[in-house]
Amino acid sequence: MEKVYSRTKGIERDMVSGFCPGCMHGTIFKLIGEVLEEMELLERTITVQGVGCCGLAMEYVTYDCTTSPHGRACAVATGVKRAAPDRLVYTYQGDGDLASIGLAETMSAANRGENISVIFVNNGIYGMTGGQMAPTTLPGMKATTAPEGRKVEEHGYPMHMCEILDQLKAPAYLERTSCNRPANVRRTRAAIRKAFACQMEGRGFSMVEIVTSCPTNWGLSPLEALDFLEEKMLAEFPLGVIRDRT
């Protein structure tokens, strides 16, 4: 029988995912691996991982990987790319890492137009660290640090990072996608490929924001989490291309 599908060479062959059931990190890493393999960049790629669930990537990817202090992935990636400009360098960060403790590093790298790619996983909550409220937590959404739900008069509104970075002159490509449906998985794959191509063509900073689920910290089953993502998360964070100068 002819084999028509196999695991990407970008993921360790003998590893089983340790991500929670219903979490989309595994899907995203598969897509990244497929794109890198397709673009023949596996041997030239360096990924800088944020802290939290994102940092588990070091157990799965087959290409060069390093971690950064919490929130400093864009700063570390800047140094790596400047030292090795021929490599593809991307960060993989959650909403707490990128938009909270790492907001200054993210904004500064984008404002400078650093020639790196950012994969931003937005599940609206801190994952591995205990389910605390994140900058992207929805109004009324409960978290361990907001047990009565996010109150905008006290905690402010959710931050829309693609739109915030769109106020800067330098970024070349900003898109928000998801992996909740097969069609969106395909769109996310295409967005990742475009971000990587943007970097290899020397066009500057790019970011793909991927709206995902966190069944564990949302207190929902994987299927219930998909419904919540569709009905609530995507209403707050609409999908689409925010900027494309490629």
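## Exercises around strand β6

Thr177 stands opposite Ile210 in β6 (strands are DSSP runs of E, at least two residues, and helices runs of H or I, at least four, numbered from the N terminus). Keep in mind that this is a predicted model, where local features need pLDDT of at least 70 and side-chain atom pairs pLDDT 80 or more, while totals for chains, interfaces and linings use all residues. Residues are numbered from 1 along each chain as its sequence is written, and side-chain values use heavy atoms, without hydrogens and water.

**Exercise 1.** Find which strands are joined to β6, and how many bridges join each of them to β6.

*Solution.*
- Start with β5 (173-178): six bridges join β5 to β6, and the two run parallel (two strands pair if DSSP finds at least two bridges between them).
- Go on to β4 (117-122), which is also joined to β6 by six bridges and runs parallel to β6.
- Check individual residues: Ser117 has Ser206 as its bridge partner in β6, and Val118 stands opposite Met207.
- Then step outwards from β4: five bridges join β4 to strand β3 (residues 88-94), again in parallel, with Gln93 opposite Phe120.

**Exercise 2.** Decide whether the two faces of β6 are covered or open.

*Solution.*
- Take one side: Ser206, Val208 and Ile210 are buried (under 20% relative accessible area with a 1.4 Å probe, protein chains only; over 50% is exposed, in between partly exposed).
- Turn to the other side, where Met207, Glu209 and Val211 are buried too.
- Compare with β4: six of its six residues are buried, so the rest of the structure largely encloses β4. Ser117, Ile119 and Val121 point one way from β4, and Val118, Phe120 and Asn122 the other.

**Exercise 3.** Give the handedness of the unit made by β5, α7 and β6.

*Solution.* Follow the chain from β5 through helix α7 (residues 182-200) to β6: the β-α-β unit is right-handed (with the strands pointing away from the viewer, the path over the helix runs clockwise).

**Exercise 4.** Work out what helix α9 packs against, and where α9 is kinked.

*Solution.*
- List the buried residues of α9: Ala225, Leu229, Met233 and Leu234.
- Look for their partners: the buried residues pack against β4, β5, β6 and α8 (215-218) (contact means heavy atoms within 4.5 Å).
- Recall that an α-helix has 3.6 residues a turn, so residues three or four places apart point the same way.
- Finally, locate the kink: about 40°, centred on Leu229 (the angle between axes fitted to the seven residues ending there and the seven starting there).

Terms used: Bend = angle between axes of the 7 residues up to and from the residue.
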